[in-house]
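User: I would like to go through this model step by step, with the reasoning behind each reply spelled out. Please end each reply on the value or name I ask for.

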Amino acid sequence: MTYPTQPTASHFIGGKYVEDTAGTPIDVIYPATGEVIGRVHSATPAIIDQALTAARAAQAAWAAMTGTERGRILRRAADIMRERNHDLSVLETFDTGKPYQETSVVDATSGADALEYFGGMAATLTGQHIQLGEDWVYTRREALGVCLGIGAWNYPTQIASWKGAPALACGNTMVFKPSETTPLCALKVAEILFEAGAPAGVYNVVQGLGDVGAALVSDPRVDKVSLTGSVPTGRKVYAAAAAGIKHVTMELGGKSPLIIFDDADLENAVSGAILGNFYSSGQVCSNGTRVFVQKGIKDAFLARLSERLADALIGDPQDPATSFGPMVSARQMEIVQGYIAKGQDEGARLVYGGDRVARGGFYLQPTVFADVTDDMTIAREEIFGPVMAVLDFEDEAEVMPRANDTEFGLAAGVFTRDLTRAHRVAAGFEAGTCYINTYNDAPVEAPFGGSKQSGVGRENASAAIAHYSQLKSVYVRMGDLEAPF
Ligand code: NAD
């Protein structure tokens, strides 16, 4: 079988595809079959230099355009992305293995939302006037310069767009390095932005392993680093950026709590737990993987959950009927299998799944453990796969400190019909993104990001503007100036 997935070349720099086959080859593997469907090359020092030179050269003219002009280009790119949603979704499914049923509604569409939202906002970015008697200060909101985006593999189109759209709206240029596991989709984002009118060099993509990311982070031509990845990578990237006193956004991992009280609507609570654990085969950073279920509803919850999981359609992810696909890679599947074994070894009760699916590719069954305790490995570490840990609790006072007892703070959710309790619990969560009677919605209009070790900064909404621009204060004196001598 041949796949329409081999890109024209590995990198997109200065408005065109660029290749340097001296770089380490990176095979693109289709997770549903394990077949090689493309090959790119990791960026050589010459490619890294070319990308940063192009981004630097394009930045001043891009920032000098009016916000309306920049915004028009971003909104045109959003329109193109929506027109090509089908093809982009098929590519996203090849890149990640996520079912087309998902990719056709959350990847290019959410990328387009970001381009449209920040495109609309570009013309509204202004400074402030601060009157001081007859003197005054005005502030200018200025671009940071060249922004570096580094992506994870679970949402390649979305991450490339969520970082690119606010960066470009503010007058920055970008060099984006996708995950080596999913190198294809970001190239399409770059192509579309260029086609929409972004001048050459405004948005560039270079491929590479972690060493390429590291070389880019420490290059003095980079002014800001935005990483989506794991906490261990975040520590390294944050430290390297700190050496150059660079701005950072860190969108890192999580082990988020989802609390289900016994007054919750059972069907909605089960839906929330499914969305928060099994969407994208569990490969979502904000997943609510520690599901605390109040004792009164526990049996009913587990029974209904098992019934609903039996309805998952596991199969060819390009088939629109498929609702559950493979893990992204053999390596990720093995990591998750290791956690499943550890759950069993440490005494958790396997109530659903736990095995590979009998077909090619990297499929694991949706897996549920009950009777999980707070100290078990599967309740403490981010698994990043389809493994739900169900923990029991008695009451709110007991569950809240347990929910917050984690180094992570990305997301948290609560299901209850008690209005005041819902808001009290949301206020008590130590997490950046919280949900009441829903889970994992991420509209561009709402800030998204983590607290504690899950991150620094926010993506989406007007909050992102603060992380892709800086304020300059200009003091204006109207009268004479006194000095001590
Ligand atoms: P990862 O940390 O292994 O890699 C992320 C990216 O960093 C890749 O592009 C990789 O090549 C690059 N990288 C690795 N070492 C580097 C270094 N020393 N310097 C610079 N770049 C380096 O993460 P992953 O396995 O690709 O993705 C899964 C992780 O991402 C999970 O922990 C998940 O929770 C997290 N994630 C977070 C969010 C969020 O918005 N908070 C979203 C998606 C994924």
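User: Which strand holds Asn204, and is this residue buried or exposed?

Analyst: In this predicted model, Asn204 belongs to strand 9, which covers residues 203-205. Its relative accessible area is 0%, and since buried means under 20%, Asn204 in strand 9 counts as buried.

User: Which backbone atoms does the side chain of Asn204 reach, and at what distance is the one of Gly14?

Analyst: One polar contact of the Asn204 side chain goes to the backbone oxygen of Gly201, at 2.8 Å. Gly14 is 190 residues away from Asn204 along the chain, yet their C-alpha atoms are separated by 6.7 Å, and Asn204 also touches residues including Phe12, Ile13, Ala51 and Met174. The side chain of Asn204 reaches the backbone nitrogen of Gly14 at 2.9 Å.

User: Where does Cys185 lie, and what is the separation of its C-alpha atom from that of Leu91?

Analyst: Cys185 lies in helix 7, which spans residues 185-195, and with a relative accessible area of 1% Cys185 is buried. Not counting residues up to four places away in sequence, Cys185 touches Leu91, Glu92, Asp95, Pro156 and Thr157. Leu91 is 94 residues from Cys185 along the chain, and the separation of the two C-alpha atoms is 6.9 Å.

User: Which polar atoms of Gly151, Trp153 and Thr233 lie by oxygen atoms of the ligand, and how much of the ligand's area does the protein bury?

Analyst: A polar backbone atom of Gly151 is 2.7 Å from an oxygen atom of the ligand, whereas Trp153 and Thr233 each offer a polar side-chain atom, at 2.9 Å for Trp153 and at 2.6 Å for Thr233. Taken alone, the ligand exposes 860 Å², and the share of this area that the protein buries is 87%.

User: Which elements give two or more residues to the shell around the ligand, and how many residues surround the ligand?

Analyst: The elements that give two or more residues to this shell are helix 8 (210-217), strand 10 (224-228) and helix 9 (231-243). The closest residues are Gly151, Glu180, Ser230, Thr233 and Glu382, and the number of residues that surround the ligand is 28.

User: In the open sheet of three strands, why do strand 5 and strand 22 each have one side without a neighbour, and which residue is the bridge partner of Arg141?

Analyst: The order of this sheet is 5-6-22, with antiparallel pairing. Strand 5 (129-132) and strand 22 (469-476) stand at its edges, and because each has a single partner strand, one side of each is left without a neighbour in the sheet; on average, neighbouring strands here are turned by 20 degrees against each other, direction ignored. Strand 6, residues 135-143, pairs with strand 22 in the antiparallel sense over eight bridges. Within strand 22, the bridge partner of Arg141 is Leu471.

User: What is the strand order of the open sheet of seven strands, which strands stand at its edges, and which residue stands opposite Gly413?

Analyst: The order is 14-15-16-13-12-18-19, with mixed pairing. Strand 14 (349-352) and strand 19 (433-436) stand at the edges, each with a single partner strand, so one side of each lacks a neighbour in the sheet. Strand 18, residues 411-415, pairs with strand 19 in the parallel sense over four bridges. The residue of strand 19 that stands opposite Gly413 is Tyr435.

User: Which strands does helix 14 touch, and what angle does its direction make with that of strand 16?

Analyst: Helix 10, residues 266-278, lies across strands 12, 13, 15, 16 and 18, and runs at about 135 degrees to strand 16. Helix 14, residues 396-404, packs on the sheet and touches strand 12, strand 13 and strand 16, and its direction makes an angle with that of strand 16 of about 145 degrees.

User: Where do Ser281 and Asn460 lie, and what is the phi of Asn460?

Analyst: Ser281 lies in the loop between helix 10 and strand 13, is buried at 2% relative accessibility, and has a positive phi of about 50 degrees although it is not a glycine. Asn460 is found in the loop between strand 21 (455-456) and helix 16 (463-467), and Asn460 is buried too, with a relative accessible area of 0%. Beyond its neighbours within four places in sequence, Asn460 is in contact with residues including Phe118, Trp162 and Pro443. For Asn460, again a residue other than glycine, phi is positive and near 70 degrees.

Terms used:
Residues are numbered from 1 along each chain as its sequence is written. This is a predicted model: local features need pLDDT of at least 70, side-chain atom pairs count only at pLDDT 80 or more; totals for chains, interfaces and linings use all residues. Side-chain values use heavy atoms; hydrogens and water are left out. Two strands pair if DSSP finds at least two bridges between them. Axes are lines fitted to C-alpha atoms, for helices over the stretch in contact, and angles run from 0 to 180 degrees between N-to-C directions. Buried means under 20% relative accessible area, exposed over 50%, partly exposed in between (1.4 Å probe, protein chains only). Contact means heavy atoms within 4.5 Å. A polar contact is a pair of N or O atoms within 3.5 Å; within protein, one must be able to donate a hydrogen and the other to accept it, and residues adjacent in sequence count only if both atoms are side-chain atoms. A residue is near a molecule or strand if one of its heavy atoms lies within 4 Å of it. Accessible areas come from the Shrake-Rupley method with a 1.4 Å probe; for residues, only the protein chains shown count as cover.
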